[in-house]
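The following paragraphs lead the reader through one protein chain, beginning with a single residue and widening to the whole. Please keep the sequence and the model in view while reading.

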Amino acid sequence: MSTPKNIRIADYNYDLPDERIAKYPMKDRDKCKLLIYKDEQISEGIFSDVAKLLSADMLMVINDTKVIPARLEFFTPNGARIEIFCLEPHLPADYDSNFASRHECQWKCLAGNLKRWKDFNLRRALPCPDGSTVNLEVEKMEVSGGEIIARFSWDGDRPFSEIIDAAGSIPIPPYLNRKAEESDSTDYQTVYSQYKGSVAAPTAGLHFSPELFESLPCEIQRLTLHVGAGTFKPVKSETIGEHEMHREFFSVSRTLLQSLLSHPGRVAAVGTTSVRTLESLYWLGLKAMRHEPLDHLSQWECYESDDTGTSPDTAIRAILNYLDTNNLDAFKASTGIMICPGYRYRIASRIITNFHQPQSTLLLLVSAAVGDDWKKIYEYAMGHGFRFLSYGDSCYLKVK
């Protein structure tokens, strides 16, 4: 597969007026509009129609990550406001271990108004649900560009998961142009969210209501990919070869891997995060067959790899063999995969997703699935009153 580094991002643009960006979700999650793209034809309905599109012989894969209240506000002794945005755990580096930490932990963060944060620690008293107060302190340990390593420490014997819940607010997308509200704490979570770690929601799943989710006729399997702030990173270069793709961590169970083997060609991925994980499994399976390290799939690796026609089943079995050899129940790695025009999907055959920003890597991922018909899909959505981006409407795409 040739590397499509010369793709011009300007060729993946469309006009998105601000009034078409949904600032709030529909009152009933599953009543939003649904664009259906199958066999190069477009139709529309409401989101609950996915129950008719997902037949009993299919597998639907969801991302059960949970958004954390990653924005923390502090004030310096002189009254300057400092906002700390938690990106990913640093010490302990494992999400579960970090959230379970008591007394202290470290995170990689962004810091707003960093120039006003001199050589002193930030402090804040946090009221807790039980009426007690916890004293939180933040030390700036390292600075690299706009990112810092922040050491959080607190009194009492509470885990960091409770501390960040008390201190932070939900980091809704910047393009909503508003502050987070109390309703976002539930609106910006999927009904099946479980494992804390994301700083952005896997928004394709926001449309499932508990009732719709329970009524689906197909098998459902979960994976966990913690969505990073890089998902909002704009492509500023002229060609995508100059754009650095963000890295995201994921965990896939043995059960999901086995289910993939029994549903070839019938896998519906909910959201681009599920897509990126599933497609990464194929290429990591090839690395397992070559006895290469499996901790990370880099941005262009899939285009530079010679898969020699290896089937998805063979690649998945290689990962299962790796789990057997190492006595593991889950496969954990990170991916920086860039899915763009020229990429051929190996595992995901259907995609449930929202409408994405112009000139974004997510729009490139959609184009890889439907080819130039992405233009027809977005023109239809724009002309038929669809709402765009995180709180907007949805589409069901059958991969070409």
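Ile351 has its place in strand 18, which covers residues 350-354. The model in which this residue is seen is a predicted one. Is Ile351 buried or exposed? Its relative accessible area is 1%, and since buried means under 20%, Ile351 counts as buried. Leaving out residues up to four places away in sequence, Ile351 touches Ala269, Val275, Tyr345, Leu365, Ala369, Cys395, Tyr396, Leu397 and Val399. The C-alpha atom of Ile351 is also separated by 9.5 Å from that of Ala204, although the two residues are 147 residues apart along the chain.

One of the residues touched by Ile351, Tyr345, leads to the interior of the model. The largest nonpolar core has 84 residues, and of these Leu281 and Tyr345 touch the most other members. Helix 7 supplies the largest share of this core, with 8 residues. Which residues does Leu281 touch, not counting those up to four places away in sequence? They are Phe250, Val252, Leu257, Leu260, Ile316, Ile319, Phe331 and Ile347. Apart from this core lies another, of 32 residues, among them Ile84, Ala111, Ile148 and Val199.

The contacts of Leu281 include residues of two further helices. Leu257 and Leu260, both touched by Leu281, are among the buried residues of helix 6, together with Leu256, Ser259 and Leu261. The buried residues of helix 6 pack against helix 7 and helix 9, and also against strand 3 (59-63), strand 13 (219-225), strand 14 (248-253) and strand 15 (267-270).

Ile316 and Ile319, likewise touched by Leu281, belong to the buried residues of helix 9, as do Ala315, Ala318, Leu320 and Leu323. The cover over these buried residues includes helix 6 (254-261), helix 7 (272-289) and strand 17 (330-335). How far apart should the ends of helix 9 lie? Helix 9 has 14 residues, 312-325, and at 1.5 Å a residue it should span 20 Å; its end C-alpha atoms are in fact 20 Å apart, so the expected span and the model agree. Just after helix 9, Asn327 takes a positive phi of about 55°.

Another buried position is found in strand 12 (residues 195-198), which contains Ser198. The relative accessible area of Ser198 is 0%, so this residue is buried. The side chain of Ser198 makes a polar contact of 2.7 Å with the side chain of Thr65. Leaving aside neighbours within four places in sequence, Ser198 is in contact with Thr65, Lys66, Val67, Ile68, Leu225, His226 and Val227.

The view can now be widened to the chain as a whole. The protein chain has 11 helices and 19 strands. Its radius of gyration is 21 Å, close to the 21 Å that the globule rule gives for 400 residues, and therefore the chain is as compact as a globular protein of that length. Along its principal axes the C-alpha trace spans about 60 × 50 × 45 Å. Of the 400 residues, 55% count as buried. Among contacts with a separation of 6 or more, 75% join residues 24 or more positions apart. The accessible surface of the chain comes to about 17,200 Å², and 47% of that surface belongs to carbon and sulfur atoms.

Methods: Residues numbered from 1 in each chain as written. Predicted model: local features only at pLDDT ≥ 70, side-chain atom pairs only at ≥ 80, totals over all residues. Heavy atoms only, no water. Helix = DSSP H or I, 4+ residues; strand = E, 2+ residues; numbered from the N terminus. Expected span 1.5 Å × (residues − 1). Buried < 20%, exposed > 50% of the residue type's maximum accessible area, 1.4 Å probe, protein only. Contact = heavy atoms within 4.5 Å. Core = buried A, V, L, I, M, F, W, Y, C linked by side-chain atoms within 4.5 Å. Rg over C-alpha atoms; globule rule 2.2 N^0.38 Å. Areas by Shrake-Rupley, 256 points an atom, 1.4 Å probe, with all protein chains shown as cover. Polar contact = N/O pair within 3.5 Å; in protein donor to acceptor, adjacent residues only side chain to side chain.
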